[in-house]
Amino acid sequence: MTTIDARGLSCPEPVLLARRAIQALGPGGDLEVLVETVTSRENVLRTARSLGCTAQADATPEGGFRLRIHKP
Amino acid sequence: MRERLTRFLASRRGIILVGAVIGLLGVLLRKFGNPPNMGICVACFERDIAGALGLHRAAPVQYLRPEIPAFVLGSLIAALAFREFRPRTGSAPIIRFFLGAFAMIGALVFLGCPWRALFRLAGGDLNAIVGIVGLAVGIAAGVAFLRAGYSLGRSSPARGAVGWITPGIMLGLVLLALIRPSFLFHSESGPGAMHAVIGISLAGGLLVGMLAQRTRFCTMGAVRDVILARDTHLLSGVLALLVAAFLLNLVFGFVKFGFSAQPVSHSNWVWNFLGMALSGLAYALAGGCPGRQLFLAGEGDGDAGVFVLGMLSGAAFAHNFGLAAKADAVVEGVVQTGGPSPNGQLAVVLGLVFCVVIGFAMREKWEAKR
């Protein structure tokens with residue numbers, strides 16, 4: 001599974017990185033995106049869902065979020 | 001409860017509701033005394049604050065506008081309440097300072113930031129359309145740089161003082177606005193002399209700050225997200241602002257359609273376009289409109305605080321060096337078209353050159369090659 005570390009990057013870079021990675025994913029592929037802020041969490045989740053993926057977020061112990069994206 | 005509110009405000013209905021509320025608040029602030037079509041203008045208000053502090057001596061635009069510190073403090077309150085206050089810095093602050101300064105110079109050549117462009121349009125000032133087209137072109141250029149790998153780099157978590165310094169300064173400004181010490185400058189006439197009473201300005205500003213922090217309201221992001229990803233989420237909030245402000249302007253009889261001699265506005269198309277193109281590019285490269293930079297500063301983003309200081313400095317330069325545009329004037333019944341001086345025109349060109357150089361120089365691919 002590919003992991004993208006978008007922590008500390010400002011808007012819209014996390015979305016750009018996630019978007020590119022999702023488009024490169026094959027059917028059934030999984031992607032993990034690490035982000036730091038709620039803004040990035042919401043933006044990346046919205047982008048993933050708009051591209052037809054399922055996506056969910058878990059809080060990490062460091063205070064950020066781990067976003068798990070699956071392309072059906 | 002907190003999570004449900006967060007989900008609602010992150011939804012399409014949430015951003016539309018907040019956009020409409022901000023639109024209504026902007027017109028109400030104008031009704032209560034702020035200048036025409038300037039119920040809320042981040043750039044103009046920061047320029048007025050620079051004047052109040054004596055950083056420039058343009059007598060008509062000096063007033064310590066409480067809305068600006070209230071935006072930051074409203075955002076701070078919301079960020080603390082929802083545990084989103086995160087001190088952070090380190091993403092090219094010196095570049096952000098100059099992006100802020102040039103964004104302000106572009107705004108003062110147009111005579112308003114994107115927020116005021118919307119309020120001007122909602123009041124019938126059709127020059128705002130030219131400005132908004134310029135803004136969109138500037139943002140599109142910023143998107144092209146982002147697609148080519150432009151990045152100001154990562155910020156890092158920082159100690160608390162980094163996050164608290166901008167809200168602390170803003171609290172100091174509120175105290176100065178309340179105490180009104182004699183060293184502050186205060187316009188006797190002109191836009192700086194027109195303002196709502198301080199309590200209303202503070203209350204309106206705090207409400208806008210809280211709502212905007214929760215929804216990530218951003219006038220630049222609205223256009224950028226459409227160009228970048230066909231994402232109309234933020235745009236729907238911005239359009240709601242425009243429609244709500246227009247309707248309330250109609251109720252109050254504030255709408256006057258036209259190009260010439262609109263309030264605190266000029267009808268020089270070329271420089272309305274280029275001024276806002278510079279601003280739009282600078283906001284896109286910095287990752288947020290001038291309002292969003294204030295809300296980010298309230299969340300503890302030290303880099304956004306540096307952008308705000310850049311805007312204050314840009315306002316000082318703009319008036320000390322005669323870069324800001326003159327508004328249209330009616331002299332003996334004849335409209336004299338305003339616009340920027342040659343100094344202002346040169347500053348816009350310099351700003352565009354600066355932004356383009358930064359757009360190329362901060363591409364990660366370039367750095368990787370070295």
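In this predicted model, Arg224(B) touches two residues of the other chain, Cys11(A) and Pro12(A), together with Ile139(B), Val143(B), Leu146(B) and Gly287(B), residues up to four places away in sequence being left out of the list. Arg224(B) belongs to helix α10 of chain B. With a relative accessible area of 2%, Arg224(B) is buried, since a residue counts as buried when that value is under 20%.

The helix that carries this arginine is itself largely enclosed by the rest of the structure, because 8 of the 11 residues of α10(B) are buried. Besides Arg224(B), these buried residues are Thr219(B), Met220(B), Gly221(B), Ala222(B), Asp225(B), Leu228(B) and Ala229(B). Both chains take part in covering them: the cover includes α1 (13-24) of chain A, and from chain B α6 (114-122), α7, α11 and α12 (269-286). Just after α10(B), Arg230(B) adopts a positive phi of about 55 degrees.

The loop between α10 and α11 (233-252) of chain B holds Asp231(B), while Arg46(A) lies in helix α2 (residues 38-50) of chain A, so the pair formed by these residues joins two chains. Their side chains meet in a salt bridge, with 3.2 Å from N to O. The two partners differ in accessibility: Asp231(B) is buried, at a relative accessible area of 17%, whereas Arg46(A) counts as partly exposed at 24% relative accessibility. In general, side chains of opposite charge can pair when their charged atoms come close.

This pair leads to the interface as a whole. Chain B contributes 25 residues to the contact and chain A contributes 22 residues. Between them the chains bury about 1,900 Å², of which 45% lies on carbon and sulfur atoms. The count of salt bridges between chain B and chain A is 3, and 9 residue pairs are in polar contact across the interface, both residues of each pair being at pLDDT 80 or more. On the side of chain B that touches chain A, α1 (2-10), α7 (127-147) and α10 (219-229) of chain B each supply at least two residues. Of the elements on that side, α1(B) gives the most, with 4 residues. By character, the residues of this side of chain B divide into 12 charged, 7 nonpolar and 6 polar.

Over all chains, the salt bridges come to 17. One network of them links Asp5(A), Arg7(A), Glu62(A) and Arg154(B). Within chain A, the side chains of Arg7(A) and Asp5(A) meet in a salt bridge of 2.9 Å, N to O. Arg7(A) counts as partly exposed because its relative accessibility is 32%, and Asp5(A), at 31%, likewise counts as partly exposed.

A further salt bridge lies within chain B, where Glu84(B) pairs with Arg216(B) and the closest N and O atoms are 3.1 Å apart. Glu84(B) sits in the loop between α4 (67-81) and β1 (88-89) and Arg216(B) in the loop between α9 (198-215) and α10 of chain B, so the pair ties together parts that are 132 residues apart in sequence. Glu84(B) is buried, with a relative accessible area of 8%. Arg216(B) is buried too, with a relative accessible area of 10%.

The remaining topic is the nonpolar interior. In soluble globular proteins, nonpolar side chains tend to be buried together. The largest nonpolar core here has 100 residues, and those with the most contacts inside it are Leu99(B), Trp115(B), Tyr150(B) and Tyr283(B). Helix α5 (residues 93-110) of chain B provides the largest share of this core, 10 residues. Trp115(B) shows how distant parts of the sequence come together: leaving aside neighbours within four places in sequence, Trp115(B) is in contact with Ile22(B), Ile40(B), Val42(B), Val208(B), Phe217(B), Thr219(B), Cys289(B), Gly291(B) and Phe295(B). One of these contacts leads back to the starting point, as Thr219(B) is among the buried residues of α10(B). A second, separate core of 20 residues includes Leu9(A), Leu31(A), Val33(A) and Cys53(A).

Note on methods
Residues are numbered from 1 along each chain as its sequence is written. Chains are lettered from A and ligands numbered from 1 in the order in which they are written. This is a predicted model: local features need pLDDT of at least 70, side-chain atom pairs count only at pLDDT 80 or more; totals for chains, interfaces and linings use all residues. Side-chain values use heavy atoms; hydrogens and water are left out. Contact means heavy atoms within 4.5 Å. Buried area is the accessible area (1.4 Å probe) that two parts lose on being put together, summed over both. A salt bridge is a side-chain nitrogen of Lys or Arg within 4 Å of a carboxyl oxygen of Asp or Glu. A polar contact is a pair of N or O atoms within 3.5 Å; within protein, one must be able to donate a hydrogen and the other to accept it, and residues adjacent in sequence count only if both atoms are side-chain atoms. Ala, Val, Leu, Ile, Met, Phe, Trp, Tyr, Cys and Pro count as nonpolar, Asp, Glu, Lys and Arg as charged, and the others, Gly among them, as polar. A nonpolar core is a set of buried Ala, Val, Leu, Ile, Met, Phe, Trp, Tyr and Cys residues joined through side-chain atoms within 4.5 Å. Buried means under 20% relative accessible area, exposed over 50%, partly exposed in between (1.4 Å probe, protein chains only).
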